[in-house]
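Student: May I ask for a close look at a single part of this structure, namely one strand and the elements around it? Please define each term as it arises.

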Amino acid sequence: MIKIYLLSFCFLFILQVGFAQQNNAKLISGNFQQATIAQFVSDIESKTDLHFYYDASQFDSLKITLQVNNQPLDTVLEKAFRNTDFHFSVSSRQVFLTKGRAVVTELALGFMVANTPGKIPVHRPNVVIAEYNEEKDKKMPDATTENKVYQIGIKTNEPLSGNAILSGYIRDIKSGEGVAGSRIFIGEPKTGVSTDQFGYFTMTLPRGKHILNIRAMGMRDTRRQINLYTDGKLNIEVQEQINSLKEVKISGDKIANVRSTQMGTTKLDIKTIKEIPAVFGEADVLKAVLTLPGVTSVGEATTGFNVRGGAADENLILLDGATIYNPAHFFGFFAAFNPDLVKDIQLYKSSIPEKFGGRLSSVLEITNREGNKKNFTGSIGVGLLTGRLNLEGPIVSDKTSFIFGARTSYSDWLLHLLPEAYKHSSASFNDFNLGISHQIDDKNNLYLTGYLSNDKFKLNSDTAYAYSNKNLVLKWKHNYNDKLYSVISAGIDRYQYSISSSANAVNAFDLGYHIAQNNFRADFTYLLSPKHTISFGVSSILYKIDPGTFDPVGTASLVAQQIVPTEKALESAVYIGDKYDVTDKFSVSAGVRYNIYSYLGPQTIDNYAPNLPKGPATVLDSTTYKSGKIIHTYQAPDFRLSARYMLNDNLSLKAGYNTLHQFIHLLTNSTSISPTDVYKLSDPNIKPEHGDQVSLGIFNNSKSNTIEMSVEVYYKRLRNYLDYKSGAVLLLNQHVEQDVINTQGKAYGAEFLLKKTTGKLNGFISYTYSRTFLKQDDPNAGELINKGNYYAANYDKPNIFNFTGNYRFTHRYSVSLDMTYSTGRPITLPIAKYEYGGSDRVLYSDRNAYRIPDYFRSDFSLNIEGNHRVHQRTHNTWNVGVYNLTGRQNAYSTFFTEQSGVISGYKLSVFANPIPFINYNIRF
Amino acid sequence: MFKMKYLQIIVFGLLLGSFFSCKKPYTPAAVTSTNSYLVVEGVINIGADSTIIKLSRTVNVSAVVTKNPLAGAAITVESDKNDIYTLNEIRRGYYTVVGLNLNITKKYHLRIKTADNQEYISDFVSAQITPPIDSIGSIATGNGLQLYTNTHDPNNNTHYYRWEYTETWQFHSKYLSLYMSDGKEIIPRPADKQVYDCFNTDTSSTILLGSSAKLTQDVINQAPIIFIPSTAEKLETKYSIMLRQYALSSDAYNFWVNLKKNTEQLGSIFDAQPSNINGNIHNVANASEIVIGYISASQVQTKRVFIANSQLPSNWKTVYPYDCEQDTTYYASPGSGYPAVANNLIPLPTLNIPIVPFVVEKGPSAGSGFIASSNECVDCTIRGTKTQPAYWK
């Protein structure tokens, strides 16, 4: 094919050399309606002595509509090919029709003297690739090449005016999987869209020629040339960046930083996550989140994280749409997400889209890959404590694929190194992921996601703890037309834990806790006009929580069975939002989400005397409600506003305001989330939490979008955040409202981020100044904390500095260095001591009046890839490094305790020494 | 109960961490309080035993001595029917009154007037009957002896318990000394000057609590009291423990649990944060003043048990708390002629005590003197008393 094509060029050229140029004066008349090139040419040839030369395959999609009456040839051809990419050249009686460029029918200056025909410049590379995939183009183009002009819609030579809609999928050429979050934009007029989670996009463009620029995370930047005639589809296949030791990319696309209306949104792809050294060498999604500005945690060995002053339970953690209640394994040393399956994560901390709700601080979306639609592949990973397996492949080629991941721990060797008293303990976890995606037809896709995790630990054959997440989501994506599509999903989320002990026969017990959440949602996106993109939908969650069952175990047990009654509630919302591009420079997103929350029977609710502390003494009476009865309804709208103004191509200002409500609360009075904390639904005595946030940001890209800078400031208010009375009992408490108090909070801060996204040296530096305060000043709550004044929250760390850098020596070797500094978190310290109960004891200061020493840690890792030959059976990767390189003994906490009657202060450090790690991955 | 077990997670977390983590002494920059707060400790004893109330004030954390008794206060126990009983200060900060034998249908509280004219009262509390201790048992595990107690209330009325104990044990020093210095010379040790057999006593320093609130019957089964390592000197000869049991109201129990949480269990990974300790004592004039302590009114029930070394596994070996060795002390050291006995053993007080005489007849180390050792290896009275308690058997 290629050779023929080249030859034809030469042939055309040689032909024309022999003829002198002359004007063809004969006038032509004709009437063509949707004529093919063959019809058109033969008609003209029959009316004249002209002979046409052209490559029929290039013109197969051209339809000519033309009425001419006694016009010269030039005018006829000019009209026929106006607004197309076709050109004509007339030499004597020969007419050459070409695509892309006109054949020059005159000799180049000095041609006969110096040049030989063999050296005629021909744009070979264009030609070479253009042939690829030609057959497919006829149906729905799978545009794989940059230099071909793809004709979209029904072609016509009529002048193109008005707009048309282009839609399609952006897919990975290797796996066939949709590429979410890739950005398609054109230069003139300046407009762009991003693909949704399935890689689907739809955009309105003026008819005519465009160059589409496509930028996707982890993919090579690419362009496609189109000629848009009418509404049509274009699927674009993009190639992965082959050099796998590539630059860190934090954002879905390079100019989204500046151009999107969203702010406080960060996306990390798995490659970036894998470059961040983790404690046991296994890439950790949640540890990566902690490197982002505005995200803190109370310390190591905790996977709870705090976003812009929010509590750890104020983050909605979604794995492919499934709510994960406990995102940690093994005392928080591992995140519950298998790094071999995760595609990317996205954290929304201020511009939370209206389709999300139910949590106050942030949404963390974790997206797993779709299975490879073309080939069976897999990988095996081996670390110090865990092993991983991942398999994927097509079930029906190009239509249905699966992906499966399993991870298990073999950590008991570590426990056997412990002192005798704990040698017989055991701790283990495993998790499984299954994803199936199926393309029913062009308009319908189905996605099924399943997740199961189990954690077990046992303390020296005494008390056994276990917890488990179970999730299943089914999504159906349907395109109604080019302007409207929907994603409808239904899912079940389960979380449970149990504690049991049988060491003491009389006290042997079994404690169980269970959350079941069934949810349904329908999300629609409607492209109203080029300027308006409307999203709307409904969602509903039915909660059923068994807050605790406490049962005797064995016949000797005297444990009284205790069952805290099941709680039920329905949380529903409808939302609508509009992204409105007012002008090229100014765009606004506005949305409203209306929440309706109902606490449902059967339930018995205590009624308390108004304006008195809730306690056993103030219970007036209680009301019993029947099953299904609505006991209490809270309803409130949430508003989401954000706007962007482009000061110039590389600099934009953004502002946002949003409000959120939360109806489910984590009850914990320990510093970090522990596996046995309980979730409580809002009821008539426990109000929903709500909060609002205003934020402002400046975004700048420079050096061809390779350096990104941003500054964001925010101010946030929290209402009805739950804190606890001294000595509160939270587990198996039938009257939790008597032990909790409402606090109010405020948080503010400034976040600075500087990123370099490409080059041998890449990475990011961030600095955050933030404060978070709480206060409890309601005298009716029974107990004032710090006399009703504001006090710093546990996770209030004013200064945080993060550096993540990656240097690539060669394609096979790269090193990563991470540095983290933060102010020590607040603690409550003893201010006086006294003797009581036979020993020295301490009196504590006001809550959180002091701080632990500042935190600093640096981690280092070396990533070694096997050779890069594409065609080999397996690809190997080694990952070695050191966590906490300097071995700094960062205080996790400080505490004062009495031992043998004397008070001593202690500082507890987790990971107090440099911890080496090694990880081996094999991909097949 | 699982709360106790939960503590193990913490310890476990720590130990798991011990592979990675560490616990280091920590002394923050001077944390001081300008105030010194009143501390009230004791129980209104409704039975025949004395009521003892201890008053003190808090000191700064950096202070060397924690004891800071408050003298000169006037304390009375008062009923809600206006009965008044006055306590006497028998030593600084230590106020007592003999068996009150109170009417258990009334409620009682404490009134304290300090020397600086501040007046404090505790909330009225009901008088509580304490059921007797059923038994004190022990389990020998691989590395020590776990003592526990059992009790029950047939009326299902008590539910919350607190224990204190006093333990006493007989022990002996490492070496039996047959000689002693009278300041002038070494004389045979008379029987009444023996320093080999002694007794020692200690009191509980942790808060011991038990609850049957989650059980269908008011039964406390094997509540742990103390764990004694198998190598402890306490178990060398004979050990005795006197356990005192107090019934608590649920309020009082919460106070003690909270105090225990705040002062004995803090600082590990999943631990609760420190919280306010709310007692039931208030300054009459200033309700917001911090006063530490909770005054309940109850009986005390006591029980004593003995554990002889012969009842324990025979492979348990006591590890003597000091490094000990015997050495020769010459009247005149061979070679130098140094008068070691006269200089090192005779002058009182002495750091070395003669054990037995020795004579080396020939050779380079010929001479005579006493085998001696340091006083902590010979004199048990350094850390005990020779007086056998009256109850010892």
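Tutor: A:Ala832 stands opposite B:Asn60 in strand E4 of chain B. The residue A:Ala832 belongs to strand E51 (residues 830-836) of chain A, and strands here (E, at least two residues), like helices (H or I, at least four residues), are DSSP runs numbered from the N terminus. This is a predicted model, in which local features need pLDDT of at least 70 and side-chain atom pairs count only at pLDDT 80 or more, while totals for chains, interfaces and linings use all residues. Residues are numbered from 1 along each chain as its sequence is written, and chains are lettered from A and ligands numbered from 1 in the order in which they are written.

E51(A) and E4(B), the latter covering residues 59-60, pair in the antiparallel sense over two bridges; two strands pair if DSSP finds at least two bridges between them. In general, strands of a sheet pair through backbone hydrogen bonds, either parallel or antiparallel.

E51(A) also has a partner in its own chain: six bridges join E51(A) to strand E52 (residues 839-844) of chain A, and the two run antiparallel. Within E52(A), A:Leu843 is the bridge partner of A:Ala832. Two residues lie between the strands of this hairpin, where A:Gly837 takes a positive phi near 60°.

Is E51(A) mostly covered or mostly open? E51(A) is mostly covered, for seven of its seven residues are buried. A residue is buried if 20 or more other C-beta atoms lie within 10 Å of its own, exposed if 12 or fewer, and partly exposed in between, with C-beta atoms placed from the backbone.

The partner residue A:Leu843 leads to a core that includes residues of chain B. The largest nonpolar core has 91 residues, of which A:Val285, A:Val289, A:Leu318, A:Ile345, A:Leu364 and A:Ile366 touch the most other members. A second, separate core of 90 residues includes A:Leu843 together with B:Ile44, B:Ile228 and B:Ala252. A nonpolar core is a set of buried Ala, Val, Leu, Ile, Met, Phe, Trp, Tyr and Cys residues joined through C-beta atoms within 7 Å.

The core member B:Ala252 is one of the buried residues of helix H2 of chain B, among them also B:Tyr253, B:Phe255 and B:Trp256. H2(B) (residues 250-264) has 15 residues and reaches 20 Å from its first C-alpha to its last, close to the 21 Å expected at 1.5 Å a residue. The expected span is 1.5 Å times one less than the number of residues.

Consider next the glycine A:Gly824, which lies in the loop between strand E49 (813-822) and strand E50 (826-827) of chain A. A:Gly824 is partly exposed because 17 other C-beta atoms lie within 10 Å. Not counting residues up to four places away in sequence, A:Gly824 touches A:Arg851, A:Ile852, A:Pro853, A:Asp854, A:Tyr855 and A:Ala891; two residues are in contact if their C-beta atoms, placed from the backbone, lie within 7 Å. A:Gly824 and A:Asp796 are 28 residues apart in sequence and 8.6 Å apart in space, C-alpha to C-alpha.

For another antiparallel pair, consider strands E23 (residues 342-348) and E24 (residues 362-368) of chain A, which pair over six bridges. There A:Tyr348 stands opposite A:Val363 in E24(A). Both strands belong to an open sheet of five strands with mixed pairing, in the order E16-E23-E24-E19-E20 of chain A. Its edge strands, E16 (265-269) and E20 (322-323) of chain A, each pair on one side only.
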